[in-house]
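Me: I would like to learn how to read this structure feature by feature, with the general idea given before each case. Could we begin with charged side chains, and then go on to sheets and buried residues?

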Amino acid sequence: MAALGHMDPSLYDQGETTGLEGEYHELHSIMVDGGDHFGVSALAFDTQELLWMGNQGGHVTSYYGLHLEKHASFQAHPHGDDIRQLICHEMGILSLSKNQLRLTERRGVRVFEYSAEEMHEMQCMLQMSPTSVMMGGHQTKVIEVDLQKGQEIRQVDVEEPGCAIFRMSTKFLCGGDTSGKVTLFDPNTMIAEHVLEAHSGTLSDFDLHGNLLVTAGFSNRMGSLNVDRFLMVYDLRTMRAMAPTQVIIDPMFLRFVPTFSNRLAVVSQTGQFQLVEATAMTAASMMLYQIHTHGGLINTFDISSSCQTMAFGDSTGYLHLFGNTDQPVFNSFPEPTEFVHPPDPHQPIHINDELTPLSIIPMQYPTQGTLLSDWPHYLCQKVYRKPKPVDSEILRSMKIYHNVGYAPNPGNKRRNQVQYKLNENNKHRSRKSSVPESPMGRGDDPFIVVPKRYRRVEIKYSRLGVEDFDFRHYNKTNFAGLETHIPNAYCNSMLQVLYFIEPLRVSLLNHMCAKEFCLACELGYLFHMLDKQKGQTCQASNFLRVFRTIPEAAALGLVLGDAEESMGKFNLSRLIQSWQRFLHQQIHSETCPKVPPDLPPVPSDPDRIPPEEKPPEGEEEQGESTPETETDTEEAPVPENKKAEGSVIKELFSIPTLTMLRCRCGHEVQRETESTLLTLSYPDCSPPGPGMDPQQISFSQVLQHSMVSEQSTQAWCNICDKYQPHIQSKAVKSLPDVLALNCEIENQRDLEFWKIQQRFIKSPEEEKSDTGPRESTPLSKMCRYGAHCARQDCRFRHPAGEGEGDGESFLDLSRFSDEDCFEPSWVPLGLKISQTDEGQINIEEIADDESMDPLQAETSNYYEIFASVSHVKDSKTGGNLVACIKVGERYHQRKENVTCTQWYLFNDFSITPIEKLEGCHFNLEWKVPSVIYFIRRDINRYYNLQVQNPITSDVLFNDTSLVNAKRRRVTMTPLSPDEVPKENDIIGLDAEFVSLNQEESELRSDGTRSTIKPSHLAVARISCIRGSGELAGEPFIDDYIATQEQVVDYLTQFSGIKPGDLDPNVSTKYLTNLKSTYNKLRYLVDQGVIFVGHGLKKDFRVINIVVPKDHILDTVELFQLPRQRMISLKFLAWYFLKLKIQSFTHDSVEDARTALQLYEKYQEMSQEGMDTVRARIKEMYEFGRKVQWKIPEVEEEADSQLAEL
């Protein structure tokens, strides 16, 4: 609140404007508002007889006249944000803090506030015109703001370190920075015209008058900054330096005295100032003026336009006013000062007057202390009382209009009153704490509580990375989750949905092509890892690496930067729907087979062929660039599989549609289109007119409206030869096997539509539950005995028929708490879609277990809900995406060795079994649907689900080098056909990595370091060594991996990779792409070879490949005692093999060969018994502690080589 003082302006005589050359003396000194806590940071003389002050606490105060009587006072910026500069404008006072600009009227009323993401560490501003101001700071952005609109006009990029001081000349806009330079910009284009190297250290202040520019600053002497007692003078006409002016104080601030051509006021920070001539070698006055700061430092000063007064502000909160006459004035011709109106006198009230209201008497606030009603904060807390449920009679008779329910009063309660029973002595008080389990929930609406399994999960990193993080705490199943620390991992939920579509999974596992960046191949690799992993997590790092390199994905805004992901400023629901649309198109283009020119083209709607007409398995195409796909067969008689003639995306998701445009003249145009996604279009459920209730619209009606709705549109008519209104209608030619729906709830209207329809579904169920007995309904509590319950009259719910018996025994039913009671959902569990010959469709909502009518098998498709991807809202983090998926029997047979179907919640690496109704239930306050999948019943019977590994031994012999054969230096001996590795063959392996992103960590208060985000590593070199044969110990794979992403650290000391080794233009190594080397490793893993190496767990994690544990022999674990430190390969080689390795850098061939030799040494010691092995390892630990795990000779050699380099 602004405080505006009242004073008589006649008390202050304007005085005479003569005597400009008199000596300055102190007129007044006061402690400013807030001076006991904050120092003065900015001063500015107004065109009125006012002096404005801003302090380091964000407070602005104005003082009137020579006695500095307080005129106005208000808090301009948040508490603790210091005022960097003040400018007096005709509209008010402009104040600048580190991240905010504010315009305030002189009486304290805010006009506007401006802030932007680019505003940080702002330092200065300059009025460019009566309606605009330019701001700069310790950053590379200069911002110009329109003062009338309070909006940004333009942003200009400047060089580091930005602009800390602004001054304007007749021709240039001058900007000073902390590097000691003054840059002269063109005011119109902000192009740097000239740069003046004023000081070698930094710049403290500068000013200009006419063609003279004078600077003060620091010089860099002997590695430290010292105040430069020479003022640098420049002539802007010739852009040359003139003779510097020497002063006797340490100059920190300077200003030209406006009434003189070249006179300067120079101020030191310790409290002295003097007047000097800018072009003279001697001071204009040897008089040295002292400011009584009482030990404080001068932070700011300003000179009035009349030159008769100077104001100084210090760090102790004092304001000092100096003048050079007896009665100085701030302005020679001041504007009238705006004062507060004097208060009107109050008329007395007679004691017997009963008609005059007492409210006309103003409230008298005490000068000291507080009012009795002003309670302290610790006694004022908001306590929410859980509302009582609405009476069932009110809900039964309620009618809803525009989201407001109206019902007659049942007469059993008082009007506007709700009775609450207070428990005496708190006998039945809940023992549960009201504080949320996670701080992420504090501060939010207490009635909107996101269940813990839906909240965003994060990996806690230690010095071992994620090796000691317990992922099994979040996943008790054998399905694999996906990790979150990879850039653009927001698509994890959709990747899980695509993986559990069995025909799509099989088709992508069988896919292989020669393209380096192929999302279909990467999805196949990822699905293979999800198949092999048992309960542990996988990473989609290779898939996302290829995804980031596709220019179309970046153009669509699907590739997020690190800053965007950390701040969460994006619409996750819209993003995942756009991602799904892009992926369908990309996978379709990559898996669509090319038709040979001598064969007829594949029709757009191929007939379904029975499996007996399929060609033999040996005659099927198996080319790399033409992957095998599958097609549909007829539903009756039921076949077992089908073979596709198009891409798998087209076969599964395609909806061929005939679009017809009919003009009013009768002319009709038809066009065939295909789409793989269907976007829901919501009609208006609120009829026009007052008193009309909203309409109940089923999900099937919305779906039918979205597929074949008629609408009017403007289109060109060739008959009418102009744009005419057309009626657009659609006819569906065939139905897909997987119905992918984008919910597209983008605005409040669509969200309210869902809420209204769910309320219609909820009301009949509540009415039914209130009037009838509570038997085993879908909303009943789960029986604790599950399928093993033997009671015939049990009132609790039991597993469905699909999961009875042994199929449900692996589920932990204790996961479902009493609060997991889900309301009926507007989204049905099943759909029956019938198609007519004219292309029209009829959609019915059915139960997911409703039997199929064999008479309608040719014209109707039965669908059941398969998956839903939802956006879990969180105002602080931007929320997260989760997927609810119905996992089929084939997946449970592979993972759990049971035969059942079960719904699961996939929240990145957290996987939880859930109820069937939870999969299609959406609490729209925090769980908003984004994508819904319906899948055709028994879809697996129409596809060939046989997986054929497309990776053969040919990958070991293909030359995929990116470097010219004449330039590259081969360091390996390729395998001969007789040397192809077989099962249980020993292979030595080692990999080297480079860093794409540095590790992000923070230092805790106790001195320990906490990792926020680990460094992003990429594989740069992979070496494989023969473990047996004539060429044992020779490498047959030594590939350097080229990367398209920027490398921030080659880690040469640990990897041996140097800049240029990964560049195809200059590299002399055997450089290839990651995909070809990955295929080689996949072939070795599929063959069942045994890998020997040191620290292979990390190597395989970064390579992003899953290797069975029984096929890994890690020398780290072989030579480690329980609960003891891990021993480096360098020390093991020196102790057991008497070899000196890694003397300067690492070499993957050398490391892999050494690991093989260590394994042979271990085998040799094992022949003497395991007691001998443990004894030898224990001796090594004792010796290592004595020498502190260092090898003296090797360390000295490494230091000498490093010095030579």
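Reply: A salt bridge here is a side-chain nitrogen of Lys or Arg within 4 Å of a carboxyl oxygen of Asp or Glu. Please keep in mind throughout that this is a predicted model.

Me: How many salt bridges does this rule give?

Reply: The count comes to 37 salt bridges by this rule. One of them joins aspartate 250 to arginine 229, with the closest N and O atoms 2.7 Å apart. This pair links distant parts of the chain, since aspartate 250 lies in the loop between β24 (245–246) and β25 (251–256), while arginine 229 lies in the loop between β21 (224–227) and β22 (230–235), 21 residues apart.

Me: Are the partners of a salt bridge buried or exposed, taking arginine 237 and aspartate 235 as the case?

Reply: Burial is judged from relative accessible area, where buried means under 20% and exposed means over 50%, with partly exposed in between. Arginine 237 and aspartate 235 meet through their side chains in a salt bridge of 3.1 Å, N to O. Arginine 237 is exposed, because its relative accessible area is 62%, whereas aspartate 235 is buried, with a value of 10%. In the pair described before, aspartate 250 is partly exposed at 35%, and arginine 229 is partly exposed at 39%.

Me: Which residue forms a salt bridge with arginine 1101, and where do the two lie along the chain?

Reply: The partner of arginine 1101 is glutamate 483, and their closest N and O atoms are 2.5 Å apart. Arginine 1101 belongs to helix α16 (residues 1096–1103), whereas glutamate 483 sits in the loop between β34 (481–482) and α2, so that the pair links parts of the chain that are 618 residues apart. Arginine 1101 counts as partly exposed at 28% relative accessibility, while glutamate 483 is buried, with a relative accessible area of 2%.

Me: Which residues are linked in a network of salt bridges?

Reply: Such a network is formed by Glu502, Arg505, Asp531, Arg890 and Arg894. Two of these names, Glu502 and Arg505, appear again among the buried residues of α3. Helix α3 (residues 502–509) is mostly covered, with eight of its eight residues buried, and the elements that cover these buried residues include α2 (492–499), α4 (519–532), α8 (572–591), α9 (648–653) and α12 (889–895).

Me: What about aspartate 1151, a charged residue that is buried yet has no salt bridge: what is the nearest side chain of opposite charge?

Reply: For aspartate 1151, the nearest side chain of opposite charge is arginine 1021, which is 8.3 Å away. Aspartate 1151 lies in helix α19 (residues 1148–1166). Not counting residues up to four places away in sequence, aspartate 1151 touches Asp990, Glu992, Leu1129, Ile1141, Gln1142 and His1146.

Me: How should I read a buried residue in a loop, and what is valine 827 in contact with?

Reply: One may look at the location first, then at the accessible area, and then at the contacts. Valine 827 is found in the loop between α11 (748–771) and β42 (830–835), and valine 827 is buried, because its relative accessible area is 2%. Leaving aside neighbours within four places in sequence, valine 827 is in contact with Phe699, Trp754, Ile865, Cys920, Phe922, Ile932 and Phe934. The C-alpha atoms of valine 827 and glutamine 757 are separated by 9.8 Å, although these residues are 70 residues apart along the chain.

Me: How are sheets to be read?

Reply: Strands of a sheet pair through backbone hydrogen bonds, either parallel or antiparallel. Four strands form an open sheet in the order β15-β16-β17-β18, with antiparallel pairing. Its edge strands, β15 (165–168) and β18 (192–197), each pair on one side only, and the twist averages 20° from one strand to the next. Four bridges pair β15 with strand β16 (residues 173–176) in the antiparallel sense, and isoleucine 165 stands opposite glycine 176 in β16.

Me: How many disulfides does a search of the whole structure find?

Reply: A disulfide is a covalent bond between the sulfur atoms of two cysteines. The search of the whole structure finds zero disulfides. As for individual cysteines, cysteine 538 is buried, with a relative accessible area of 4%, and cysteine 743 is buried, with a relative accessible area of 0%.

Technical notes:
Residues are numbered from 1 along each chain as its sequence is written. This is a predicted model: local features need pLDDT of at least 70, side-chain atom pairs count only at pLDDT 80 or more; totals for chains, interfaces and linings use all residues. Side-chain values use heavy atoms; hydrogens and water are left out. Two strands pair if DSSP finds at least two bridges between them. Axes are lines fitted to C-alpha atoms, for helices over the stretch in contact, and angles run from 0 to 180 degrees between N-to-C directions. A disulfide is a pair of cysteine sulfur atoms within 2.5 Å. Buried means under 20% relative accessible area, exposed over 50%, partly exposed in between (1.4 Å probe, protein chains only). Lys and Arg count as positive and Asp and Glu as negative; His and the chain ends are not counted. Contact means heavy atoms within 4.5 Å.
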